[in-house]
Amino acid sequence: GGLYEFNQLKWTHRNSSNVTTNFQAFKIKVFGSDDNENWTVLEESMDTKSPGVAEKELPLSATYIYRYIKVEYIDYDTQNGSLLCVAEFNVGKK
């Protein structure tokens, strides 16, 4: 693959229950890289928590161009389980 230009993420949880969000990542940190070794932080803390809604569109603070993207879970429910389930993670340009 080549370089990709993007300014939004689409995050889809496997668990969209109104009652529990214990399988959801609540916040993520987003990184970009051109060589898969040196990573630049693109977004420090994006809110992905979405009780009752499986899919959430996340606008980014800028338009980025990178070959690789990675996400780090930085906030989640540590009391009710040890699993995080993400159904889909997409990047795009709006």
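How many bridges join strand E2 (residues 25–33) to E3? Select both strands and you'll find 5 bridges, with the two running antiparallel. Before going on, know that this is a predicted model, where local features need pLDDT of at least 70, side-chain atom pairs count only at pLDDT 80 or more, and totals for chains, interfaces and linings use all residues. Residues are numbered from 1 along each chain as its sequence is written, and side-chain values use heavy atoms, with hydrogens and water left out.

**Stop 1: the open sheet**

Add E5 to your selection: 3 strands make an open sheet in the order E3-E2-E5, paired antiparallel. (Strands are DSSP runs of E, at least two residues, numbered from the N terminus; two of them pair if DSSP finds at least two bridges between them.) Strand E3 (40–47) and strand E5 (68–76) are the edges; each has a single partner strand, so one side of each is left without a neighbour in the sheet. Now zoom in on Gly32, which stands opposite Thr40 in E3.

**Stop 2: salt bridges**

The structure holds 5 salt bridges, a salt bridge being a side-chain nitrogen of Lys or Arg within 4 Å of a carboxyl oxygen of Asp or Glu. Pick Glu5 and Lys93 for one of them, with the closest N and O atoms 3.1 Å apart. Glu5 is in strand E1 and Lys93 in the segment after E6, so this pair ties together parts 88 residues apart in sequence. Next, show Glu44 and Lys29, whose closest N and O atoms are 3.7 Å apart in their salt bridge. This one links strand E3, home of Glu44, to strand E2, home of Lys29, 15 residues apart. Glu44 is exposed, at 51% relative accessible area (exposed is over 50%, buried under 20%, partly exposed in between, using a 1.4 Å probe and protein chains only).

Then try Glu57 with Lys94, a salt bridge at 3.5 Å, N to O. Glu57 is partly exposed at 44%, while Lys94 is exposed at 74%.

**Stop 3: Gln8**

Click Gln8 in strand E1 (residues 4–13). Is Gln8 buried or exposed? At 17% relative accessibility, it counts as buried. Leaving aside neighbours within four places in sequence, Gln8 has contacts (heavy atoms within 4.5 Å) that include Glu57, Lys93 and Lys94, residues you've just visited.

**Stop 4: Asp77**

Finish in the loop between E5 and strand E6 (86–92), where Asp77 is found. Asp77 is buried yet has no salt bridge; Lys49, the nearest side chain of opposite charge, is 7.7 Å away. (Lys and Arg count as positive, Asp and Glu as negative; His and the chain ends are not counted.) The Asp77 side chain does reach the backbone nitrogen of Gln79, at 2.8 Å.

Technical notes
Helices (H or I, at least four residues) and strands (E, at least two) are DSSP runs, numbered from the N terminus. A polar contact is a pair of N or O atoms within 3.5 Å; within protein, one must be able to donate a hydrogen and the other to accept it, and residues adjacent in sequence count only if both atoms are side-chain atoms.
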